[in-house]
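Please open the model in your viewer and keep the selection panel at hand. The tour proceeds stop by stop, with a selection to make at each.

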Amino acid sequence: MSVIERNKRVIVIGAGLGGMSAAIMLARSGFEVTILEKNTQVGGKLNQLQTEGFSFDLGPSIFTLPEIFRPIFEGDGKRLEDYITLQRVDPQWRNFFEDGVVVNLWEDRKKMRTELEAFGPHAFDEYKNFLTYSLRQYNILERGYLRHGLDTLLQFFRFYGWKEARDLDYLRSMSDSIYKRVSNRYLRDIFEYFIKYVGSSALDSPAFMNLMPTIQMEFGLWYVAGGLYQLGHAFRRRLEETGVALCLECEVLRIDYSGSTATGVHVCDSKGNLHTLPADYVVSNMEVVPAMQRLIHSPASTMKKLRRFEPSCSGIILHLGLDRVYPQLAHHNFFYSTNLHEHFRRVFRDKMLPDDPTIYVVAPTRTDPSQAPPGCDNIKILPHIPSISDRNPYTREDYVTFKELCLDKLERMGLTDLRKHIIVEDFWTPFDIEARYASNQGSIYGVVCDRRRNFAFKAPKRSPGFSNLFFVGGSVNPGAGMPMVTLSGQHVARMILEQTSKGKS
Ligand SMILES: Cc1cc2nc3c(=O)[nH]c(=O)nc-3n(C[C@H](O)[C@H](O)[C@H](O)COP(=O)(O)OP(=O)(O)OC[C@H]3O[C@@H](n4cnc5c(N)ncnc54)[C@H](O)[C@@H]3O)c2cc1C
C-alpha cells in the first residue's frame, strides 16, 4: 500500500478483528484513524475469561490461514511470529459417534491412512480424492473471490468468466457433492460438519463451500500459545504501534450523513457523555443489518433488501472448569447427531432447538496445560442452534433446558458424571451473544451461507447508499471466521485508499 498524507479521518465502529484489521492497514497508509469500541476490551468475539485459575477462550478456538494475518503484523522489520506463537494441533479433530465409533482427523496423511484402515480399502482413497476436489474449489475461490474481495455476482462472473465459473461446484449443495464422492457414513458427517466454520447448513450451502477441508487439512490448524486471546493482545499492540486512537467503552449511537455521504458519528462515552466526531470515511464492524437499522435508521425498503443476508446460526456456549480430566478428549472434539441432516433441518429450516444436537467440545489443555489448574480441565461446549427468531421465540429457561440436554448427551457418550465434576461454569445464550457483540439476532458467524437466499455471498463491503461508508467483519464478503474477517478489513483499507487516490487524480 502506498502512503498518503495524514489528512483523511477515518472512524472505525467496533474493535473486532475486522475493524482492527482495517484500522491498522489504514493507519499504516497515513490515515488518521480512531476506533470506537463499546466493550471494555478489543477483539469482539475473540474474547476471554480468566477465573479461579482457569483461562477460557470465549470465542474462537481454531486458528487457520496464518498467511492472511501476516500483512497486519509485517513491516517495520516485524513478523507475525514476533507477536504470537502458533502451535500446530494434530489430531485436528476427534469425532465421536453414538454407536461408539471414534475417528481422528490427522493432518499427517500417513496417520490418516491408518485411521481409515478399519473402514476397508476404499475409505482412504475417497478421503484423498475428496481433498483433491476440495483443493480445486479452494484454488478457484482464492484466486478471485478471496484475493480480490469480489462482492457481487456481477463482479464474480466478470472476473471468472462463464468458463472458469463452470469449474466451480455451485449447482449442487455441499451435502450432495459429499454424498456423491464419499460413501463412508462417518466421513460424510465429518465433511458436512466443516460448515460449522461459517455457522450454516451443509444441506443449504453451495457445494463450493467444500473448500473448507482444504483450509484445515492441507494448510493446517493451530492453537495460539497462551490462549487464542493472545491474538487480541497482538492486534492491540499493532493498533498502538501504528498510531490508531483506541476509545474503549464508547458506543456509536448514530451515523450522521448528508445526502449519500456519511459525515461522522454520534458516540456515547463510558461516562454517558455524547460526542459528535466528524469523519471522511466511516468503517462499521457492527454487522450490516443492525447498523443499517440502528445507526442509520434505514427505511423499510432498504431493510427488506437486506433480508437475504439472514443471520448465521447462534449457539449456547458453556465454559466449564472441571476437577478432573477426561483423557478421551483431544483438543477439538465433535459429538455427532445420530442424523446430522435432521440436525441441519431443525436448526436452519425449522429454526428449532435440535433434539439431538451435534456438539463441539474444546479441551485446550491438551496443547496448553496453563489453561487450567493442575489436575483440572477446561472445556468449552458449543452446539449450534438457531439465531433469535420470531418464528420460535425461545426464552432463557428454554436454553437452560437445552443445556441440560447437551450435558445428558455428553455424559451418555462417554463424559461420565460430567455434571458432578463442574467447579466453574460460564454460560452464554443467544441473548448474551447479541447484547455483548451487537450481532444480528445473536448470530455467531455473521451471514448464513445459503445457495437459494444469497448464493453464499454476504453483504457488499461498500454501502450501496453511502459512498464513504464501508463494512467489515462476518456480515460482509468473504464472511466469518478470524481469517476471513481480517481479510475483509484489508480489502476495505485497499478500497478506501483507491477511492482517495481517485479523488485526488
Ligand atoms: C463461540 C464462538 C466460537 C468461534 N469459533 C471460531 C473458530 O474456532 N475459528 C474462527 O476462525 N472463528 C471462530 N468464531 C468466529 C469469529 O470469532 C468471528 O467470525 C470473528 O471474530 C468476528 O469478527 P468481526 O470482525 O466480524 O467482529 P466482532 O467480533 O463481531 O466484533 C464486532 C465489535 O464491534 C463492536 N460494536 C458493535 N456495534 C458497536 C457500536 N455501535 N459501537 C461501538 N462498538 C460496537 C462490538 O462490541 C464488537 O467488539 C467463533 C465465534 C464464537 C462466538
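Begin by selecting Pro478, which sits in the loop between β20 (469-471) and α15 (482-504). The peptide bond that joins Asn477 to Pro478 is cis, and its omega is near 5 degrees. The model in the viewer is a predicted one.

**The ligand**

Next, display the ligand together with its surroundings. How many residues surround the ligand? There are 36, and the closest are Gly18, Glu37, Lys45, Gly481 and Met482. Select Lys45 and look at its side chain: a polar atom there lies 2.8 Å from an oxygen atom of the ligand. Then move to Gly481, where a polar backbone atom is 2.9 Å from an oxygen atom of the ligand. Add Asn39, whose side chain places a polar atom 3.2 Å from an oxygen atom of the ligand.

**Colouring by domain**

Now colour the chain by its three ranges. Domain 1 consists of 1-38 + 249-307 + 458-505, domain 2 of 47-65 + 77-107 + 220-227 + 313-444, and domain 3 of 113-217. Keep domain 2 and domain 3 visible; their C-alpha centres lie 24 Å apart. To the contact between these two, domain 2 gives 31 residues and domain 3 gives 26 residues.

**The interface of domain 2 and domain 3**

The size of an interface is often given as the accessible area lost when the parts come together. Here domain 2 and domain 3 bury about 2600 Å² between them, with 64% of it on carbon and sulfur atoms. Which residues of domain 2 lose the most area to domain 3? Select Trp93, His341 and Phe344: these residues together account for 21% of what the domain 2 side buries.

Turn next to the charged and polar pairs. Side chains of opposite charge can pair when their charged atoms come close. Two salt bridges are found across the interface of domain 2 and domain 3, along with 11 residue pairs in polar contact. On the domain 2 side that touches domain 3, the elements giving two or more residues are β6 (93-96), β7 (102-105) and α12 (340-349). Highlight α12, since the largest share of that side, seven residues, comes from this helix. By residue class, the side of domain 2 that touches domain 3 divides into 17 nonpolar, 10 polar and four charged residues.

For one salt bridge, select Arg185 and Asp99, whose side chains meet with N and O atoms 3.5 Å apart.

**A link between distant parts of the chain**

Return to the whole chain, for which the count comes to 37 salt bridges. Select Arg9 and Asp280, a pair that forms a salt bridge with its closest N and O atoms 3.8 Å apart. Where in the chain do Arg9 and Asp280 lie? Arg9 is in strand β1 (residues 9-13), whereas Asp280 is in the loop between β12 (274-278) and β13 (281-284). The two residues are 271 residues apart, and the pair links distant parts of the chain.

**Backbone details**

Two further loops complete the tour. Select Pro91, in the loop between β5 (86-88) and β6. The peptide bond from Asp90 to Pro91 is cis, with omega near 10 degrees. Finally, select Glu52, in the loop between β3 (48-51) and β4 (54-57). What is the phi value of Glu52? Phi is near 45 degrees, a positive value in a residue other than glycine.

Note on methods: Residues are numbered from 1 along each chain as its sequence is written. This is a predicted model: local features need pLDDT of at least 70, side-chain atom pairs count only at pLDDT 80 or more; totals for chains, interfaces and linings use all residues. Side-chain values use heavy atoms; hydrogens and water are left out. Domain bounds come from an automatic or database domain assignment. Contact means heavy atoms within 4.5 Å. Buried area is the accessible area (1.4 Å probe) that two parts lose on being put together, summed over both. A salt bridge is a side-chain nitrogen of Lys or Arg within 4 Å of a carboxyl oxygen of Asp or Glu. A polar contact is a pair of N or O atoms within 3.5 Å; within protein, one must be able to donate a hydrogen and the other to accept it, and residues adjacent in sequence count only if both atoms are side-chain atoms. Helices (H or I, at least four residues) and strands (E, at least two) are DSSP runs, numbered from the N terminus. Ala, Val, Leu, Ile, Met, Phe, Trp, Tyr, Cys and Pro count as nonpolar, Asp, Glu, Lys and Arg as charged, and the others, Gly among them, as polar. A residue is near a molecule or strand if one of its heavy atoms lies within 4 Å of it.
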